[in-house]
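Please read this report with the model open beside you. It moves from one residue pair outward to the whole chain.

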Amino acid sequence: MAIKVQLAVDMTCQSCVDDITQVLNDVPGIQSLSISLPDKRVVVEGNAGPSAILKALKSSGRSAVIRGTGSTAEGTTGAAVCILEQRTPPYTRGLVRFVQISTDTCFVDISVNGVSDGTHRASIRECGDLSDVPGSCGGVWQGASEVGAAGELGELVVGDGWGEACFETDQFAVWDIIGRSVVVSGKSSGSGISSGVLAGVVARSAGLFENDKLVCACSGNTVWTEQRLVDQGRLL
C-alpha cells in the first residue's frame, strides 16, 4: 500500500522543478509526484521510504525537509516520528518514521547516519525514559503479538556510516507506541551501556498539509537552514 510524503524543497524556477523531477524519477518505488513552485512543495506517492526520498534530494544538492507523511487510503490517519540521538555531540544520528497506512498496517522507515558500520538491531521499548539508556527504556515491548515481541523492528545494516530500512508491519499501530522509546544498538551488545547506542522517544508528527511553514518563528531561519544546523549537530 502506498504512502504520501510532503516535502519543503528550496526552488526558485522551472529549471529547479525539472531537476527535482529527474532526481525523484530515479528513486525506486515512487509512483507519482506533484511539485508546486510557488509553495516550494513536493508531494510524492508510492512505497519508497521517506528517508530514501530525502537522501536523493540532498545528494543532488537540494535543500529539502520532510513536512508531513500520510496514507493514500481514505479515513486512515496517524503518523509519528522518533529522533535517534547519541550521548555525545553531534547528538542526532537518525530518525524513525511511522505512518499508519491502513487500520491494520503501519509503515516503518528507519535511517541512521554517522554510526559504526555493521549490523545493528532496532526495537521499540516499554517506556520512554532516556535517563540511563538503554536500561531505563525497559525491555523490548511485547504488545499483543502472539509470535515474538511486537516491538522488534529487526536488523539494520550500516555501511559507510549510513543505514536504512523500510517495511510494513501488522504488529502495532501508531497510537500503540506514542511515548515509548526506540533503541538502536549493535547486535551483539548486551544490557550494558554502549557509546554506539542510539535512542529517542516516539512522538506524534504532522500529517499531510498540516505544517506548511517555511520560516521558523523562533529563530527566523528558513526550515532548510534549521535542518542544516541539525545535520551539523549545531541545533539540538
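Gln6 stands opposite Gly68 in strand β4. Gln6's strand is β1, residues 3-9, and seven bridges join β1 to β4. The two strands run antiparallel. Strands here are DSSP runs of E with at least two residues, while helices are runs of H or I with at least four, and both are numbered from the N terminus. Two strands pair if DSSP finds at least two bridges between them.

This is a predicted model: local features need pLDDT of at least 70, side-chain atom pairs count only at pLDDT 80 or more, and totals for chains, interfaces and linings use all residues. Residues are numbered from 1 along each chain as its sequence is written, and side-chain values use heavy atoms, with hydrogens and water left out.

**The sheet**

β1 and β4 belong to an open sheet of four strands. The order is β2-β3-β1-β4, and the pairing is antiparallel. Which strands form the edges? They are β2 (30-36) and β4 (64-71), each pairing on one side only. On average, neighbouring strands of this sheet are turned by 20 degrees against each other, direction ignored.

**The helices**

Helix α1, residues 14-25, lies across β1, β2 and β3 (41-46). α1 runs at about 165 degrees to β2. Such angles run from 0 to 180 degrees between N-to-C directions, and the axes are lines fitted to C-alpha atoms, for helices over the stretch in contact.

How do α1 and α2 pack? Their angle is about 130 degrees, and their axes are 10 Å apart. That makes α1 oblique to α2. Under 35 degrees counts as roughly parallel, over 145 as roughly antiparallel, 65 to 115 as roughly perpendicular, and the rest as oblique. In this pair, Ile20, Val23 and Leu24 of α1 meet Ile53, Ala56 and Leu57 of α2. Contact means heavy atoms within 4.5 Å.

Helix α2 covers residues 50-59. Its buried residues include Ile53, Ala56 and Leu57, and also Pro50, Ser51 and Leu54. Buried means under 20% relative accessible area, exposed over 50%, and partly exposed in between (1.4 Å probe, protein chains only). Gly61 follows α2.

**Backbone features**

Three residues with a positive phi are listed here.

| Residue | Phi | Place |
|---|---|---|
| Gly61 | near 95 degrees | follows α2 |
| Lys40 | near 50 degrees | loop between β2 and β3 |
| Asp160 | about 55 degrees | loop between β9 and β10 (162-169) |

Lys40 is a residue other than glycine, and Asp160 is not a glycine either. Are these two side by side in exposure, or unlike? Lys40 counts as partly exposed, at 21% relative accessibility. Asp160 is exposed, with a relative accessible area of 77%.

Another backbone feature is a cis peptide bond. It leads from Val133 to Pro134, with omega near 0 degrees. Pro134 sits in the loop between β8 (118-125) and β9 (152-158).

**The whole chain**

The secondary structure of the protein comes to four helices and 13 strands. Of the 236 residues, 43% are buried. Among contacts with a separation of 6 or more, 66% come from residues 24 or more positions apart. The protein exposes about 11200 Å², and carbon and sulfur atoms supply 48% of that area. The areas come from the Shrake-Rupley method with a 1.4 Å probe; for residues, only the protein chains shown count as cover.
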